[in-house]
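Got the model open in your viewer? Keep the selection box handy, and we'll go from stop to stop.

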Amino acid sequence: MWNGDGTVEVNGFRIFYSEVDCVRRIFEKHPETAMNIRPKNQMVKNAYMNNLLDLIDIICLAPQELTEEELRDAENTLFELVEVGFELDWLKKKLEELCVKKKKMEARGARMRELDGIIVEQRRVLWALETERKNEENEARSDSARLGFEDVV
């Protein structure tokens, strides 16, 4: 139902028209999401719905785009929404997956930096060996060169 303030009512929440599709998809895929929500005040309900939409936006980001603090804030927001009656097991799973990806990404980054250091050191060793080999090759050429008449006499 269209309201005069640019909002539409979806499942008891007043939603800005631009968010209607998102909210409808949430309720289509997860009809239990707001069945047990305790707040009855419309403004409070709308604020919680906005928090839910913001949380989903955060979870949609790539792990490298989020800080540890932002992930903790997302976990706290999820906890608050569950506390007021939202059923968000589906979203909790996605947030946990995101946290795992972030930790794996950080571990891989550390391992890649470690490998880069090893590669740099091995290149130094290789360069030193190549230099030593060239010196040996030059000395071998010098030792195997024919002597000229003047060198002998």
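A search of the whole structure turns up five salt bridges. Keep in mind that this is a predicted model, and let's visit some of those bridges.

**Stop 1: Arg133, Glu137 and Arg141**

Select Arg133 and Glu137 and show their side chains: the two meet in a salt bridge, with 3.2 Å from N to O. Both sit in helix H4, and because they are four residues apart, about one helical turn separates them. Now add Arg141 to the selection. Arg141 makes a salt bridge with Glu137 as well, and here the closest N and O atoms are 2.7 Å apart. The spacing is four residues in helix H4, so about one helical turn lies between Arg141 and Glu137. Salt bridges with shared partners thus join Arg133, Glu137 and Arg141 into one network.

Switch on the surface for a moment. Which of these residues are exposed, and which partly exposed? Arg133 is exposed, at 58% relative accessible area, and Arg141 is exposed too, at 52%. Glu137 has a relative accessible area of 31%, so it falls in the partly exposed class, which runs from 20% to 50%.

**Stop 2: Arg111 and Glu114**

Stay on helix H4 and select Arg111 and Glu114, which both lie there, three residues apart, or about one turn of the helix. They form a salt bridge whose closest N and O atoms are 3.1 Å apart. How accessible are the two partners? Glu114 counts as partly exposed at 43% relative accessibility, and Arg111 is also partly exposed, at 42%.

**Stop 3: Asp116, and a long ruler**

Next, click on Asp116, again in helix H4. Asp116 has a relative accessible area of 46%, so it is partly exposed. Draw a distance from its C-alpha to the C-alpha of Arg24: the two residues are 48 Å apart in space and 92 residues apart in sequence.

**Stop 4: the negative patch**

Now select Glu68, Glu75, Glu96 and Glu97, and colour them by charge. These residues gather in a patch of negative charge on the surface. Which elements give two or more residues to the patch? They are helix H3, residues 68–83, and helix H4, residues 89–144. Zoom in on Glu97, which has its place in helix H4. With a relative accessible area of 33%, Glu97 is partly exposed; that value matters here because a patch takes residues with over 30% relative accessible area and no salt bridge.

**Stop 5: the aromatic rings**

Last stop: hide the charges and show the aromatic side chains. How many aromatic pairs does the structure hold? There are two. Select Phe13 and Phe27 for a stacked pair, with 6.0 Å centre to centre and 25° between the planes. Phe13 belongs to strand S2 (residues 13–16) and Phe27 to helix H1 (residues 20–29), so this pair ties together parts that lie 14 residues apart in sequence. Turn the surface back on and you'll find both Phe13 and Phe27 buried. Finally, add Phe86 to the selection: ring pairs link Phe13, Phe27 and Phe86 into a cluster.

Note on methods:
Residues are numbered from 1 along each chain as its sequence is written. This is a predicted model: local features need pLDDT of at least 70, side-chain atom pairs count only at pLDDT 80 or more; totals for chains, interfaces and linings use all residues. Side-chain values use heavy atoms; hydrogens and water are left out. Patches are made of residues with over 30% relative accessible area and no salt bridge: like charges are joined within 9 Å, nonpolar side chains (Val, Leu, Ile, Met, Phe, Trp, Tyr) within 5 Å. Accessible areas come from the Shrake-Rupley method with a 1.4 Å probe; for residues, only the protein chains shown count as cover. A salt bridge is a side-chain nitrogen of Lys or Arg within 4 Å of a carboxyl oxygen of Asp or Glu. Lys and Arg count as positive and Asp and Glu as negative; His and the chain ends are not counted. The place of a charge is taken as NZ of Lys, CZ of Arg, CG of Asp or CD of Glu. Buried means under 20% relative accessible area, exposed over 50%, partly exposed in between (1.4 Å probe, protein chains only). Rings of Phe, Tyr and Trp (its six-membered ring) pair if their centres lie within 6.5 Å; planes under 30 degrees apart count as stacked, over 60 as edge-to-face and the rest as tilted.
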